[in-house]
Amino acid sequence: MVDEEAGVVLRARIAAAQRICVLTGAGMSAESGIPTFRDALTGLWSRFDPAQLASEEGYRADPQRVWDWYAERREGVRAAEPNAGHLALGAFARQRPGVLSIVTQNVDDLHQRAGNADAIRLHGDILADRWLERCPERGTGREACATGGAEPGRPPRCTRCGNLVRPGVVWFGEMLPPGAMEAAERAAAACDVMLVVGTSGAVWPAAGLAGAARRAGAFVAIVNPHPSDIDGEAHAVLRGTAAGVLPRILGVGVEGG
Ligand code: APR
């Protein structure tokens, strides 16, 4: 289906839908200035080694290097603003309460700042901290790792047991946050329309949600300027960007939110 035809069909499907699930990836935030992972040249994994910077082994091998890399990424997220795509999704949620479920692979807070506070975070939150080790004192009634009083440093560590603070994101090989994937699967199975925006479809289980929605009877559309690994799951592919396409197909003026 070519873009303009796809756009007309998709807009009608969205207008008629009772439930819409939107799966977003790093491309959703690209127009906010946050780099993607796999775009040639600009993607983070074309410049950095994910094994060293996005794995527990990499963190244990060189905590300061990983902590500093995330600190730099955090600065970028804090300096970024939601783009017209985020704002259109926020406006849609306000104008049609209860219809939209957002499932994001992104660890930034731009969906939340645009008004989609209930976006399901599959890969965690880059602005959140958590302890590297499960504190042995937790649940014993004795004081657990000194959460508020972590010793400042790069990275901060517990002043009593030396436990290290780490970013609250899901690293390669780690489990997703409890309940997140189950909630995402429920949203994918129940929706009339699934919009897949800005993901290469390279990482599972998130990439499986488009096929799950299609098998459950949803109309699946992809918004991406480039081909992705899951284009075959889509009824319609719109070769465009999140900020360019979403305001147009959601039928909401960004200022109309
Ligand atoms: N609008 C829409 N899509 C875009 C835009 C844009 N402005 N710019 C780039 N894209 C597309 C690219 O074509 C690519 O298909 O966004 C996609 C980004 O793909 P990835 O960089 O692989 O990011 P993502 O799919 O979110 O990666 C999934 O991999 O490394 C892990 O945990 C990380 O959550 C991430 C996961």
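A polar contact here is a pair of N or O atoms within 3.5 Å, and that cut-off is handy for reading the close-ups of this predicted model.

**View 1. Threonine 199 and the ligand make a polar contact.** A polar side-chain atom of threonine 199 sits 2.6 Å from an oxygen atom of the ligand. With the protein in place, 93% of the 730 Å² that the ligand exposes when taken alone is buried.

**View 2. Glutamate 31 and glycine 27 face nitrogen atoms of the ligand.** For glutamate 31, the partner is a polar side-chain atom, 3.0 Å from a nitrogen atom of the ligand. For glycine 27, look to the backbone instead: one of its polar atoms there lies 3.3 Å from a nitrogen atom of the ligand.

**View 3. A shell of 22 residues surrounds the ligand.** The closest of them are Phe37, Arg38, Thr199, Ser200 and Asn224. Sorted by character, the shell holds eight nonpolar, 11 polar and three charged residues. If you are browsing the pockets, the ligand takes up the space of the largest one.

**View 4. Two domains contribute to the ligand shell.** Domain 1 (1-34 + 81-123 + 176-257) and domain 2 (35-79 + 126-169) each supply at least three residues to the shell.

**View 5. Domain 1 meets domain 2.** The domain assignment splits the protein into domain 1 (1-34 + 81-123 + 176-257) and domain 2 (35-79 + 126-169). Their centres, taken over C-alpha atoms, are 28 Å apart. Where the two domains touch, 15 residues of domain 1 and 12 residues of domain 2 take part in the contact.

Technical notes:
Residues numbered from 1 in each chain as written. Predicted model: local features only at pLDDT ≥ 70, side-chain atom pairs only at ≥ 80, totals over all residues. Heavy atoms only, no water. Near = heavy atom within 4 Å. Polar contact = N/O pair within 3.5 Å; in protein donor to acceptor, adjacent residues only side chain to side chain. Areas by Shrake-Rupley, 256 points an atom, 1.4 Å probe, with all protein chains shown as cover. 1 Å grid on protein atoms, 1.4 Å probe; cavity = no way out; pocket = protein on both sides within 12 Å on 5 of 7 lines; lining within 4 Å. Sits in = over half its atoms within 2 Å of the grid points. Nonpolar A, V, L, I, M, F, W, Y, C, P; charged D, E, K, R; others polar. Domains from an automatic or database assignment. Contact = heavy atoms within 4.5 Å.
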